[in-house]
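Student: Hey, could you walk me through this structure? I'd like to go piece by piece.

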Amino acid sequence: MADFETPAFKPYPEIPPIEIGVMAHSKPYVAKPDIQEKVGFPGELIDNWKQVAIDKMGELVDNSRALRVFLDSCVKCGACTDKCHYYLGTSDPNNMPVARQDLFRSVYRRYYTVAGKYFPSLVGARDLGQEVLDEWYSYFHQCSQCRRCSVYCPYGIDTAEISMAAREILDCVGVGQKYCNEIIGKAQTIGNNLGLPEPALANTLEGLEEDIEEETGVTVRLPLDQKGADILLITPSADFFAEPHVDGLIGYAKVFHQAGLSWTISSYASEAANFGMFIGSYENMQVLARRIREAALELGVKRIVFGECGHAWRVAYNFLDTLAGPFDFLDPAYPMPQHICEVTYDLLQRNALKMDRSANDDMVLTLHDSCNIARASRMGNFEGGQFVIPREVIKASCNHFVDMPADTIREATFCCGGGGGLLTDDLVELRVKGSLPRMEALQQVVNDHEVTHMAAICAICKSQFSKILPYYGFEMDQVVSIHQLVSNAIQLGGEH
Amino acid sequence: MSLLTIIFALLFYFAAAVIIIGLVYRIRLYATTPTPLRIPTMPAPTTGAGVWRRMFFEITLFNSLFKSNKWIWLFGWVFHAALLLVLLRHLRYFTDPVWSWVALIQPLGAYAAFAMVAGLAGLWARRLLVDRVRYISSPSDHLMLALLIAIGITGLGMKYVAATDIVAVKAFFLGLMYFDWQPLPADPVLILHLLLVAMLMIIFPFSKLLHAPGVFFCPTRNQVDNAREKRHMPTGASPSLKQAG
């Protein structure tokens, strides 16, 4: 265990008083030159970094209405100050969304506004210097881009946009984050974040087929690079090996099997997550998005379905068509893209799946709404479907489901603490502290309703909770995939 | 024509020019800056009409703020609603004859001034007393509240303590509008009130008061959630975005 204390649960959630600078030491590893250069950024801090950073800031603001409006609009009302899980878990005031924004805004004001140019101290404008750069590196890697603050801001200011811009500027002057940039490099050359090449992937999928057959006696295929399949499944690569992710993947396979749908995974685009978004890099995001289009064309599929992954679903739902479209070669009868929960939900609605809910009777379940599914995307054809559909799928798979307190779910959901490119061991203190609000909510339903397991719908949430739960006295396997529950309950065989 | 009248006439022409040109410039900038990606804060309306509804309640009732913090909402909403009434009440100084509905709300507007100052005082109290809000406050945030409260108090002063010659004030402003200058009463409270208002007008387009036009252009609030039905194409032109198209 690292050298910090896991925060204690409070009798009821309360807003901690500020403790200035207590998380200033939290910094992820800096990317080495080879990692940086692979994804198109300078290898190390460049000589004229100040000017480059200031120019880049101007360019970003000129190209983003969101940034421009957000930087002007904040009135420092304080509505967001108690909304960030990292503030609630660390008490560091720079983790209040407005203060995090101000690390960026103060520099913007200095160089791009009349007030900041002539009256810097009056309006809190600052020169860009090494100290500011260090603060940026620290605190813009303490934002998981979960958008909770944007729900509560009277002007809709989304700190995620500002974090992305700050990270983009950091990258452009040569100070990138190792975890994100290394992964982007792997995904761009090999096809997934884990760097799993085609033979290893084929081997893994075969192993899973054997596991399913052993357990159920039914042959369920997990096809790879199968040309002419109807559906291309794009799923986070953690689904191929991590627990409980892989149980979810088995669930998707069983659903496709039972519904008689023809599907395939692509080894070329074997990753749903798009870490290009975390670093605010349009270009990198686009490179990754285009691999999906290329794979879909190459395999000749009619539909694209995404597995359980939060930020990935945001990029897929809202950005994919813009970044890599048009996808007019797909079957227009289906949404592009579709979420696996939508597929399962539709099948359940049509009574096309036989479910034995009692298969999950050893669990009392609750659902952690993943931040980017809740606040950055949708499922289904109605407003708020992203809250209804996962719950309906869970309720169709088990007999015991209860929700956590209302101010911690749906659009008010807390981030797991590891989203937005922070799911790395060099940030474990931040991750533990940032998960405090979710852990408190979980503890409450454990106390009140004897909840035993929390379902999640995102690869990052699942990995994060597996790691964090033990710090708070839970077991690591108390987090489960939604399609793991489906997998347990679905009755294989019989008529298709 | 007194020197005071000349100075204030020029000051108000200047202030009006600054606020109008400044806001037009800023709003043009907002409108022409591209939106590279679709980023509504979900759950978001799936139709244009739904977005109009969302924006309407956001702007008239401060929906998001209500969800966020009841105290800020209370003080903030009372201040803004009262300010609106006070501004409408002041239309009588710029119209002749006074529109009947403006005449009708005159008594309301007088009470609104108290509510406005009370709301501002509440906001300022939070800024001073809540450690989180104190931490994020710059000197300009305090000065802005001071300025608005001073405007409110000098206005109330003329109504309830040291009455000024409002007929002459009205003649002065109508004179400005029709380029037929009339003398401004040399009344200290009035002079202070007008000076502060001119200051506010000049500061407006350079300050956080830009939240007023900004809220209408906020992509997280005014975008429709229909990414799968309609391909979002970035407006405007930047090198990286052109590639996308």
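Here is a chat about the model, its confidence, its chains and some of its sheets and helices.

Student: So what kind of model is this, and what scores does the predictor give the complex?

Tutor: It's a predicted model. For the complex, the predictor reports an ipTM of 0.94 and a pTM of 0.95.

Student: And what's the mean pLDDT of chain B?

Tutor: Chain B has a mean pLDDT of 93, with 96% of its residues at 70 or more.

Student: Where does pLDDT stay under 50 in chain B?

Tutor: Over residues 241–245 of chain B. The model still has 10 contacts for that stretch beyond four places in sequence. Predicted coordinates shouldn't be read in detail where pLDDT is low.

Student: Fair enough. How many helices and strands are there in chain B?

Tutor: 13 helices and 0 strands. Its C-alpha atoms fill a box of roughly 65 × 40 × 40 Å along the principal axes.

Student: How much of chain B is buried?

Tutor: Of its 245 residues, 33% are buried. Also, take the contacts in chain B with a separation of 6 or more: 73% of them are between residues 24 or more positions apart.

Student: Can we zoom in on one helix? What span should α9 of chain B have?

Tutor: Helix α9 of chain B covers residues 166–177, which is 12 residues. At 1.5 Å a residue the expected span is 16 Å, and the end C-alpha atoms are 17 Å apart, so the two agree.

Student: And which residue with a positive phi follows α9(B)?

Tutor: Phe179(B), with phi near 55°.

Student: Switching topic: how many residues does each chain give to the contact?

Tutor: Chain B gives 56 residues and chain A gives 61. On the chain B side, the elements giving two or more residues include α1 (3–32), α4 (70–89) and α8 (139–160) of chain B. The one that gives the most is α7(B), with 5 residues.

Student: What's that side of chain B like by class?

Tutor: The side of chain B that touches chain A has 27 nonpolar, 18 polar and 11 charged residues.

Student: Okay, chain A now. What order do the 4 strands of the open sheet come in?

Tutor: The order is β2-β1-β3-β4 in chain A, and the pairing is parallel. β2 (263–265) and β4 (338–339) of chain A are at the edges with a single partner strand each, so one side of each has no neighbour in the sheet.

Student: Which helix packs on the sheet?

Tutor: Helix α13 of chain A, residues 282–299. It touches β1 (231–234), β2 and β3 of chain A, and its direction makes about 150° with that of β1(A).

Student: How many bridges are there between β1(A) and β3(A)?

Tutor: They pair in the parallel sense over 4 bridges. One pairing to look for is Leu232(A) with its bridge partner Ile304(A) in β3(A). On to the next pair: β3(A), residues 303–306, and β4(A) are parallel over 2 bridges, and Phe306(A) has His339(A) as its bridge partner in β4(A).

Student: Which way do the residues of β3(A) point?

Tutor: Arg303(A) and Val305(A) point one way, Ile304(A) and Phe306(A) the other, and all are buried. In a regular strand, side chains alternate between the two faces of the sheet.

Student: Back to α13 of chain A for a sec. Why does Ala295(A) count as buried?

Tutor: Ala295(A) lies in that helix, and it counts as buried because it has 22 C-beta neighbours inside 10 Å. Leaving aside neighbours within four places in sequence, its contacts are Leu232(A), Ser266(A), Tyr268(A) and Ala269(A).

Student: Last one: why is α20 of chain A largely enclosed?

Tutor: Because 9 of the 10 residues of α20(A), residues 459–468, are buried. What covers them includes α12 (245–259), α14 (310–324) and β6 (453–456) of chain A.

Student: What does β6(A) pair with?

Tutor: β6(A) runs parallel to β5 (residues 365–367) of chain A, joined by 3 bridges, and 3 bridges also join β6(A) to β7(A), again parallel. Thr366(A) is opposite Met454(A) in β6(A), while Ala455(A) is opposite Val480(A) in β7(A). Both faces of β6(A) are covered, with His453(A) and Ala455(A) buried on one side and Met454(A) and Ala456(A) buried on the other.

Technical notes. Residues are numbered from 1 along each chain as its sequence is written. Chains are lettered from A and ligands numbered from 1 in the order in which they are written. This is a predicted model: local features need pLDDT of at least 70, side-chain atom pairs count only at pLDDT 80 or more; totals for chains, interfaces and linings use all residues. pLDDT is the predictor's confidence in each residue, from 0 to 100. Two residues are in contact if their C-beta atoms, placed from the backbone, lie within 7 Å. The expected span of a helix is 1.5 Å times one less than its number of residues. Ala, Val, Leu, Ile, Met, Phe, Trp, Tyr, Cys and Pro count as nonpolar, Asp, Glu, Lys and Arg as charged, and the others, Gly among them, as polar. Two strands pair if DSSP finds at least two bridges between them. Axes are lines fitted to C-alpha atoms, for helices over the stretch in contact, and angles run from 0 to 180 degrees between N-to-C directions. A residue is buried if 20 or more other C-beta atoms lie within 10 Å of its own, exposed if 12 or fewer, and partly exposed in between; C-beta atoms are placed from the backbone.
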